[in-house]
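Student: I should like to take a close look at a single part of this protein. Could you please guide me through it and then place it within the whole?

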Amino acid sequence: MTTKSRLSVLLSCAAFGLLCVLSFAQLNRERGNGPDNIPQLTFFSHRLGTDHAEGIAVLDMNNDGRPDLLSGAYWYQNPGSEGGEWKRHQYRTIQTVNEFVSDCGEWAIDVNHDGAPDLVTVGWQTDGLWWYENPKKPDVMWERHLITHTIDTEGGTLADLNGDGVPDLALAHYGRTGIIWVDFAGSEPKVHKVGGHDEDGHGVGMADVNGDGKTDLLTPFGWFKNIDANNDKWEWHGDWTLGETGFPIIGYDVNGDGKIDVVYGRGHSYGLYWMEQKGDGKWVKHTIDESFSQVHVLKLVDLDGDGQPELLAGKRYRGHSGNDPGSYDPLVIYYYKINTKSGKWTRYPISLNGTAGAGTQFIVQDLDGDGDVDIAVAGKTGVHFLENLQVNKVPKSQREKEILLDKHWPFPGEGTEFYPPAK
């Protein structure tokens with residue numbers, strides 16, 4: 001071999017070695033920031049099942065210390081921080097109507113105070129607010145108990161309304177029959193009714209609107225000042241008309257002026273908005289985003305751990321069986337950073353044009369136990385675990401089992417599979 005040939009080989013080896021080093025460095029490089037060097041969260045969408053329930057809850061079903069997901073008739077077994085299959089199990093039966101599962105809300109509540117969380121659930125399509133009793137035994141179907149009759153129940157929200165330290169459940173009605181709220185502190189659930197047709201509607205929320213230390217009730221047509229919730233004393237303020245809102249209607253000081261503002265989405269149309277409280281019953285409407293429709297669920301929560309809440313919002317799929325504006329638009333889920341000095345909202349994607357829809361509830365907590373906050377949603381396109389990749393403990397071997405490449409490829413008749421000769 002000539003000197004020139006040896007040099008060529010050495011240079012080729014050096015170049016290959018450098019390429020390997022660079023490839024390894026790229027493979028192990030940490031994710032950077034988004035546009036304008038702004039930190040941005042990244043979520044990986046796992047489709048766990050294709051059942052059609054739109055409510056979702058979280059509960060440790062097998063006592064292994066991991067939060068499992070419940071939706072409709074099923075629960076999904078959490079595989080832990082190293083990933084794997086979320087195995088589906090049935091634990092109850094549920095009614096279905098056309099393309100709907102009668103399940104627009106699920107809440108884990110220890111109704112009978114026996115130390116084991118039960119499941120409270122309601123559906124728009126059928127009558128009744130129900131609780132399913134936790135049998136505290138594996139592989140046993142849960143027994144259903146009626147809390148109260150309620151029809152056209154479009155959704156609800158959970159918060160401490162009467163200040164006793166125990167979360168209460170408030171429900172709204174598309175039929176506008178009056179808001180009901182349920183106190184779970186006693187030995188039996190206690191049902192209260194607030195208002196009637198003129199105050200009730202599609203949407204409900206709980207927030208201290210006037211800053212008096214008591215939680216008020218928010219509706220699409222105004223708000224009830226909490227005088228004495230336990231004794232059914234309220235004062236009505238018809239300050240606004242919002243349309244068919246999603247759940248919940250949120251109270252939050254958007255612009256940092258010390259007054260609680262109102263944030264809401266249009267559950268069956270386009271639009272996400274906030275109402276600025278000016279005082280003396282005056283409110284000014286501001287647009288956040290009108291690019292997607294059926295904003296049927298919102299959640300205000302600190303996603304990135306910076307001590308400030310972000311707003312979660314997304315598109316529900318076929319809320320009215322394809323009869324809503326934008327029904328055939330792509331599914332989206334976003335989070336919004338809020339600048340409380342300017343009242344400006346900045347949008348970031350979580351899932352775009354995938355199979356994950358926002359459904360009627362968000363679950364937001366560290367589901368895989370790796371130290372960051374994940375998201376779970378359910379809807380007619382299935383149950384999804386949206387894994388926050390801010391912390392990633394899933395090994396490459398497990399990721400390789402979940403690659404998007406069709407493993408049945410090459411397809412029959414496509415051509416001859418070629419195997420390069422061994423070197």
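**A run of three paired strands**

Tutor: Strand E18 (residues 222-228) pairs with strand E19 (residues 233-237) in the antiparallel sense, and 5 bridges hold this pairing. Please keep in mind throughout that the model is predicted. Within this pair, Asn226 has Trp234 of E19 as its bridge partner. The two strands form a hairpin, with 4 residues between E18 and E19. One residue of the turn, Asp232, has a positive phi of about 60°.

E18 also has a partner in strand E17 (residues 216-219), to which 3 bridges join it, and these two strands likewise run antiparallel. Here Leu217 stands opposite Phe224 in E18. E17 and E18 form a hairpin as well, with 2 residues between them. As a general point, strands of a sheet pair through backbone hydrogen bonds, either parallel or antiparallel.

Let us now set this part within the whole. The protein has 2 helices and 30 strands. Of its 423 residues, 47% count as buried. The C-alpha trace spans about 100 × 55 × 40 Å along its principal axes. Among the contacts with a separation of 6 or more, 44% are between residues 24 or more positions apart.

Antiparallel pairing is also found in an open sheet of 4 strands, whose order is E1-E30-E29-E28. Its edge strands, strand E1 (43-49) and strand E28 (362-365), each pair on one side only. On average, neighbouring strands of this sheet are turned by 20° against each other, direction ignored. Inside the sheet, strand E29 (residues 374-377) and strand E30 (residues 383-388) are paired over 3 bridges in the antiparallel sense. Ala376 stands opposite Phe385 in E30.

Strand E28 leads us to the pockets, for E28 is one of the strands that each supply at least two residues to the lining of the second largest pocket. The others are strand E2 (57-59), strand E8 (105-109), strand E12 (153-159), strand E20 (250-252) and strand E24 (298-301). This pocket has a volume of about 570 Å³. Its lining has 26 residues, and those closest to its centre are Trp107, Thr157, Leu158, Lys299 and Phe362. By class, 18 of the lining residues are nonpolar, 6 are polar and 2 are charged.

The largest pocket holds about 790 Å³ of space. It is lined by 21 residues, and Glu30, Arg31, Leu389, Gln390 and Asn392 lie nearest its centre. Its lining comprises 8 nonpolar, 7 polar and 6 charged residues.

Besides these pockets, a search of the whole structure finds 1 cavity of 30 Å³ or more. The largest cavity has a volume of about 100 Å³. Of the 13 residues in its lining, Ser102, Thr126, Trp130, Tyr132 and Arg144 are the closest to its centre. Strand E9 (118-122) and strand E10 (129-133) are the elements that give two or more residues to this lining. The lining has 4 nonpolar, 6 polar and 3 charged residues.

The loop between E9 and E10 is the place of Trp124. Trp124 counts as partly exposed because its relative accessibility is 35%, and the partly exposed class lies between 20% and 50%. Not counting residues up to four places away in sequence, Trp124 touches Ser102, Cys104, Asp152, Thr153, Glu154 and Tyr174. Asp152 is 28 residues from Trp124 in sequence, yet their C-alpha atoms are 4.8 Å apart in space.

Gly72 offers a second example of a loop residue, and its place is between strand E3 (68-71) and strand E4 (74-77). Gly72 counts as buried because its relative accessibility is 2%, and buried means under 20%. Beyond residues up to four places away in sequence, Gly72 touches Ala53, Gly55, Tyr91, Arg92, Ile94, Asp103 and Glu106. Ser102, 30 residues from Gly72 along the chain, has its C-alpha atom 8.1 Å from that of Gly72.

To return to your chosen part, E18 is joined to E17 by 3 bridges and to E19 by 5 bridges. Both pairings are antiparallel. The hairpin of E17 and E18 has 2 residues between its strands, whereas the hairpin of E18 and E19 has 4.

Key: Residues numbered from 1 in each chain as written. Predicted model: local features only at pLDDT ≥ 70, side-chain atom pairs only at ≥ 80, totals over all residues. Heavy atoms only, no water. 1 Å grid on protein atoms, 1.4 Å probe; cavity = no way out; pocket = protein on both sides within 12 Å on 5 of 7 lines; lining within 4 Å. Points joined across faces, edges and corners; volume = space filled by probe spheres on them. Nonpolar A, V, L, I, M, F, W, Y, C, P; charged D, E, K, R; others polar. Pairing = 2+ DSSP bridges. Axes fitted to C-alpha atoms, helices over the stretch in contact; angles between N-to-C directions. Buried < 20%, exposed > 50% of the residue type's maximum accessible area, 1.4 Å probe, protein only. Contact = heavy atoms within 4.5 Å.
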